[in-house]
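User: Hey, got a minute to go through this one with me? I'll paste it in below.

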Amino acid sequence: MGIDARFITVEEAKEIVPPLNTEGLLAATFCPSDGHANPFNTNFAYAEAAQRLGVKIYNFTEVKEIKTEDNRIVSVNTDKGEVLTPIVINAAGGYSGEIGKMAGVEIPVYSQRHQILITEPVDPLFKPMLMSFSRNFYCQQTPHGSIIMGFGDPDEPKGYNIGTSWQFAREMAKKMTAVVPLLKEVSMIRQWSGLYNMSPDSQPIVGEHPQVKGFYMAVGFSGHGFMLAPVASRLMAELILKGRTSIPIDRLDIGRFERGELIIEPSVV
Ligand SMILES: Cc1cc2nc3c(=O)[nH]c(=O)nc-3n(C[C@H](O)[C@H](O)[C@H](O)COP(=O)(O)OP(=O)(O)OC[C@H]3O[C@@H](n4cnc5c(N)ncnc54)[C@H](O)[C@@H]3O)c2cc1C
């Protein structure tokens, strides 16, 4: 697809990431044009850009109820009042299943805590994000030197817990010091968590709900929603304004689960 990703040898991996412990490593892949962005800054930048274009954002406003008539969206009730509208976009992340229920539909998504931690800033150690699906981790040094890392806990129960655990910190330290032994000298400074909104095939559900006219969904991003957000929102806007999208997204419809046409995404940490 024109992406500059390639297989590299163990020696090349060591050249690109000098502090890497290559024991047990057979090969790797590398994409020199990969980038990274701070999700907090990006989010506020998008909000400001939208406001410059005339979008009104109501912060601290909770959607409590969605009214439908003859299977069409009529209005949204919030804790600050009612909004009459024929269109709702469900982009509620971990709570998108709840929003679906408000519109009278079941969306086959669930939420699951995902923990992450950050270390003190240190001198530059490596540039690319290190990631392994078999060893289950990702790890990246930020431009100011802190190292951020996470893994997916296969025993994490479904739910809305966004607390943190010492078990995570201990397991994370074990995993990463095996891969980059130098990290034994680096102190962790903060730990937090958020929700992954998982779908049955770990791919997003995008499009209008077939039973409720005007109820659009951009949900179930399953741990990939930050990088997919720019294209997902552009396609959503095209779908609503023009009725068609510049990239086909039909296969990401909610009906794929009933049809048994899942598009399994294996690369989720
Ligand atoms: C620790 C961690 C690391 C991650 N790392 C990556 C990564 O490296 N790359 C990547 O691509 N993705 C990553 N993700 C996943 C990514 O964060 C999500 O997929 C993405 O944030 C989903 O975006 P969203 O806009 O759909 O939902 P969210 O960002 O969850 O936003 C949903 C919004 O809806 C609001 N909301 C919910 N219910 C209501 C209601 N009733 N009324 C009003 N508002 C409501 C919420 O307050 C929230 O602001 C990570 C997630 C976690 C937790």
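Analyst: Sure, let's go through cysteines, surface and pockets; keep in mind that this is a predicted model.

User: Okay, cysteines to start. How many disulfides does the count come to?

Analyst: Zero.

User: Why is there no bond for Cys-31?

Analyst: Because the closest cysteine sulfur, in Cys-139, is 18 Å from the sulfur of Cys-31, which is too far for a bond. A disulfide needs the two sulfur atoms within 2.5 Å. Cys-139 is in no disulfide either, with the sulfur of Cys-31 as its nearest cysteine sulfur.

User: Is Cys-31 buried or exposed?

Analyst: Cys-31 counts as buried, at 12% relative accessibility; the cut-off for that is under 20%.

User: And what's the relative accessible area of Cys-139?

Analyst: Cys-139 comes out at 0%, so that one is buried too.

User: Switching to the surface. Which residues form a nonpolar patch?

Analyst: Met-129, Met-131 and Phe-133 do, and together they have about 290 Å² of accessible area.

User: Where does Met-131 lie?

Analyst: Met-131 is in strand S8, which covers residues 130-132. Its relative accessible area is 41%, so Met-131 is partly exposed.

User: Now pockets. What volume does the second largest pocket have?

Analyst: About 350 Å³. Its lining is made up of 15 residues, and Leu-235, Ile-247, Pro-248, Ile-249 and Leu-252 lie nearest the centre.

User: Which helix gives the largest share of that lining?

Analyst: Helix H5, residues 225-242, with four residues in the lining of the second largest pocket.

Definitions and conventions: Residues are numbered from 1 along each chain as its sequence is written. This is a predicted model: local features need pLDDT of at least 70, side-chain atom pairs count only at pLDDT 80 or more; totals for chains, interfaces and linings use all residues. Side-chain values use heavy atoms; hydrogens and water are left out. Patches are made of residues with over 30% relative accessible area and no salt bridge: like charges are joined within 9 Å, nonpolar side chains (Val, Leu, Ile, Met, Phe, Trp, Tyr) within 5 Å. Accessible areas come from the Shrake-Rupley method with a 1.4 Å probe; for residues, only the protein chains shown count as cover. A salt bridge is a side-chain nitrogen of Lys or Arg within 4 Å of a carboxyl oxygen of Asp or Glu. Helices (H or I, at least four residues) and strands (E, at least two) are DSSP runs, numbered from the N terminus. Buried means under 20% relative accessible area, exposed over 50%, partly exposed in between (1.4 Å probe, protein chains only). On a 1 Å grid over the protein atoms alone, a cavity is a set of points where a 1.4 Å probe fits but cannot get out, and a pocket is an open set with protein on both sides within 12 Å along at least five of seven lines; lining residues have an atom within 4 Å of a point. Grid points are joined across faces, edges and corners, and a volume is the space filled by probe spheres set on the points.
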